[in-house]
Amino acid sequence: MGVKHGRKYDEILKDLTDAVGEIPDSYLFFEMEAAEWQELGPEEKREVHEALAEDLFYGLGTEPVIEVGCGVVMYDKDHHRINLLIGDEELTVVPLI
């Protein structure tokens with residue numbers, strides 16, 4: 001089902017892919033080891049991040065908070081956005097409208 005949005009899905013997916021790419025250990029979401037992640041090339045890493053972004057987009061429709069490595073991804077229904085808390089301080093926002 002996914003989250004409610006007014007922007008084009010492709011634009012949201014690109015922004016969300018970029019945002020999850022900022023989570024240094026995002027590969028843990030797919031239960032990968034650090035060594036496995038390091039073996040991937042830049043394009044392969046981008047593909048993994050895009051798959052992660054898609055999973056999060058649809059998962060946030062039923063589970064409003066999802067942990068991804070050291071990050072937390074939250075669906076802010078009231079403000080029509082997805083918030084990513086990376087570590088303790090860095091906040092990235094992906095607008096949905």
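**Exercise 1.** Which residue takes a positive phi in the hairpin of E3 and E4, and how many residues lie between the strands?

*Solution.* The model is predicted. Begin with the pairing: E3 and strand E4, the latter covering residues 90-95, run in the antiparallel sense over six bridges. Next, look at the connection, where three residues lie between the strands. Within this hairpin, Gly 87 has the positive phi, near 70°. To fix the register, find the partners across the two strands: Asn 83 faces Val 93 in E4, and Arg 81 stands opposite Pro 95 in E4.

**Exercise 2.** Describe the pairing of E2 with E3 and the hairpin that joins these strands.

*Solution.* Strand E2 spans residues 71-76 and strand E3 spans residues 81-86. Their pairing is antiparallel, with six bridges. For the register, take Tyr 75, which stands opposite Ile 82 in E3. The hairpin of E2 and E3 has four residues between the strands. In this hairpin His 80 takes the positive phi, near 55°.

**Exercise 3.** Classify the ring pair of Tyr 9 and Tyr 58, and state which elements this pair ties together.

*Solution.* The count of aromatic pairs comes to five. For Tyr 9 and Tyr 58, the ring centres are 6.1 Å apart and the planes stand at 45°. Planes under 30 degrees apart count as stacked and those over 60 as edge-to-face, with the rest tilted. The angle of 45° therefore makes the pair tilted. Now place the residues: Tyr 9 lies in helix H1 (residues 9-20), while Tyr 58 lies in helix H3 (residues 42-59), so the pair ties together parts that are 49 residues apart in sequence. Last, check exposure. Tyr 9 has a relative accessible area of 22% and is partly exposed; Tyr 58, at 40%, also counts as partly exposed. Ring pairs join Tyr 9, Phe 57 and Tyr 58 into a cluster.

**Exercise 4.** Classify the ring pair of Tyr 27 and Trp 37, then decide whether these residues are buried or exposed.

*Solution.* The centres of the two rings lie 5.7 Å apart, with the planes at 25°, so the pair of Tyr 27 and Trp 37 is stacked. Tyr 27 belongs to the loop between H1 and helix H2 (34-39), and Trp 37 to helix H2. The two residues are ten residues apart, and their pair links distant parts of the chain. Both Tyr 27 and Trp 37 are buried.

**Exercise 5.** Summarise the chain as a whole: what elements does the chain have, and in what order do the elements run?

*Solution.* The inventory is three helices and four strands. Read from the N terminus, the order is α-α-α-β-β-β-β. The radius of gyration of the chain is 13 Å, close to the 13 Å given by the globule rule for 97 residues, so the chain is as compact as a globular protein of that length. Along the principal axes, the C-alpha atoms fill a box of roughly 40 × 30 × 20 Å. For burial, 35% of the 97 residues count as buried. The chain exposes about 5,900 Å², of which carbon and sulfur atoms supply 50%. Finally, consider the contacts with a separation of 6 or more: residues 24 or more positions apart account for 50% of them.

Notes
Residues are numbered from 1 along each chain as its sequence is written. This is a predicted model: local features need pLDDT of at least 70, side-chain atom pairs count only at pLDDT 80 or more; totals for chains, interfaces and linings use all residues. Side-chain values use heavy atoms; hydrogens and water are left out. Two strands pair if DSSP finds at least two bridges between them. Rings of Phe, Tyr and Trp (its six-membered ring) pair if their centres lie within 6.5 Å; planes under 30 degrees apart count as stacked, over 60 as edge-to-face and the rest as tilted. Buried means under 20% relative accessible area, exposed over 50%, partly exposed in between (1.4 Å probe, protein chains only). The radius of gyration is taken over C-alpha atoms; the globule rule is 2.2 Å times the number of residues to the power 0.38. Contact means heavy atoms within 4.5 Å. Accessible areas come from the Shrake-Rupley method with a 1.4 Å probe; for residues, only the protein chains shown count as cover.
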